[in-house]
Amino acid sequence: MLLKATKREITGKKVSQLRRAKKLPAVLYGPNRESTNITIDPLEFKKLFKDVGYSKLFDLDLEGDKVKVLVKDLQANTLTDEFTHIDLYQVNMKKEITAEIPLTFVGESFAVKNNIGLLVHPLQSVSVTCLPSDLPASLEVSIDGFNEIGDSVTVADIKLPEGVEIANDVASDSPVAYIAAPQKTIEEETPEEVVEEGEETEGEESKEEGSEETKETKEE
């Protein structure tokens with residue numbers, strides 16, 4: 001996977017000119033280089049990002065200088081969903097990095113299949129630390145053992161590839177997925193009152209009695 005980039009001089013509010021010219025402003029930085037303002041093709045980046053996300057390394061060709069990078073941050077227009085600015089991090093292949101890795105839930109839960117409970121997964125990704133060459137594209141979490149309400153896995157239960165560790169800022173007892181009791185829908189039924197022809201309700205009887213009393217009083 002290769003993405004081409006060119007250096008740019010335009011910064012600040014004037015970068016809107018670049019966007020109108022179908023160029024996506026970005027910044028390239030890392031431990032071994034000064035921050036460099038660049039532009040990339042927005043359509044090419046959009047295609048690439050669908051595959052690499054935040055967890056896969058790819059090659060950036062900056063005017064003939066090829067480097068390994070990760071997507072560190074991006075900004076997008078909330079109305080159009082088009083990217084407006086990208087941060088790319090040049091990695092040192094010999095130095096450990098911390099990256100966010102997506103979780104993939106695999107297997108089949110007996111509890112879910114038999115409507116015993118619902119699968120809840122509060123974490124969609126976790127931060128890991130490793131050498132760039134050991135960076136996994138995703139981490140699998142098996143739900144095969146989820147047979148009843150309360151069954152769960154935590155961050156500590158995730159099987160990690162060799163050389164990969166959970167980052168220090170992630171609690172080992174944080175729940176990754178668990179089976180919760182299904183929510184019950186309470187239906188409030190209002191019984192229909194059926195009044196047969198000729199039958200008076202209590203309120204109607206009182207009303208009639210009151211009318212008769214008023215009539216008699218007037219006659220008196």
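A salt bridge is a side-chain nitrogen of Lys or Arg within 4 Å of a carboxyl oxygen of Asp or Glu. In this predicted model, the side chains of Lys113 and Glu108 meet that condition, with N and O 3.9 Å apart. Lys113 is exposed, because its relative accessibility is 57% and the cut-off for exposed is over 50%.

**Salt bridges**

The count of salt bridges comes to four. Three of them, including the one just described, are listed here.

| Pair | Closest N to O distance |
|---|---|
| Lys46 and Glu82 | 3.3 Å |
| Lys68 and Asp59 | 3.1 Å |
| Lys113 and Glu108 | 3.9 Å |

The bridge between Glu82 and Lys46 links distant parts of the chain, 36 residues apart. Glu82 lies in the loop between β5 (65-76) and β6, whereas Lys46 lies in helix α2. Both residues are partly exposed: Glu82 has a relative accessible area of 38%, and Lys46 has a relative accessibility of 31%. In the bridge between Lys68 and Asp59, Lys68 is partly exposed at 35%, and Asp59 is partly exposed at 24%.

**Aromatic pairs**

The structure holds five aromatic pairs. In one of them, the ring centres of Phe45 and Phe83 are 5.4 Å apart and the planes stand at 80 degrees, so this pair is edge-to-face. Phe45 belongs to helix α2 (residues 42-52) and Phe83 to strand β6 (residues 83-90), so the pair ties together parts that are 38 residues apart in sequence. Phe45 is buried, with a relative accessibility of 0%.

Phe83 also pairs with Phe49, again edge-to-face, with 5.7 Å from centre to centre and 80 degrees between the planes. This pair too links distant parts of the chain, helix α2 and strand β6, with the two residues 34 apart. Phe49 has a relative accessible area of 16% and is therefore buried, the cut-off being under 20%. Phe45, Phe49, Tyr54 and Phe83 form one aromatic cluster.

Helix α2 thus appears in both kinds of contact: Lys46 of this helix takes part in a salt bridge, and Phe45 of this helix in an aromatic pair.

**Surface patches**

Glu96, Asp134, Glu162 and Glu165 form a negative surface patch. Asp134 is found in the loop between β9 (125-130) and β10 (139-142). Its relative accessible area is 31%, which makes Asp134 partly exposed.

A nonpolar surface patch of about 260 Å² is made by Phe110, Ile116 and Ile149. Ile116 sits in the loop between α3 (110-113) and β8 (118-120), and is partly exposed, with a relative accessible area of 32%.

Conventions
Residues numbered from 1 in each chain as written. Predicted model: local features only at pLDDT ≥ 70, side-chain atom pairs only at ≥ 80, totals over all residues. Heavy atoms only, no water. Patch = residues over 30% accessible without salt bridge, like charges linked within 9 Å, V, L, I, M, F, W, Y side chains within 5 Å. Areas by Shrake-Rupley, 256 points an atom, 1.4 Å probe, with all protein chains shown as cover. Lys, Arg positive; Asp, Glu negative; His and termini not counted. Charge placed at Lys NZ, Arg CZ, Asp CG, Glu CD. Helix = DSSP H or I, 4+ residues; strand = E, 2+ residues; numbered from the N terminus. Buried < 20%, exposed > 50% of the residue type's maximum accessible area, 1.4 Å probe, protein only. Phe/Tyr/Trp six-rings, centres within 6.5 Å; stacked < 30°, edge-to-face > 60°.
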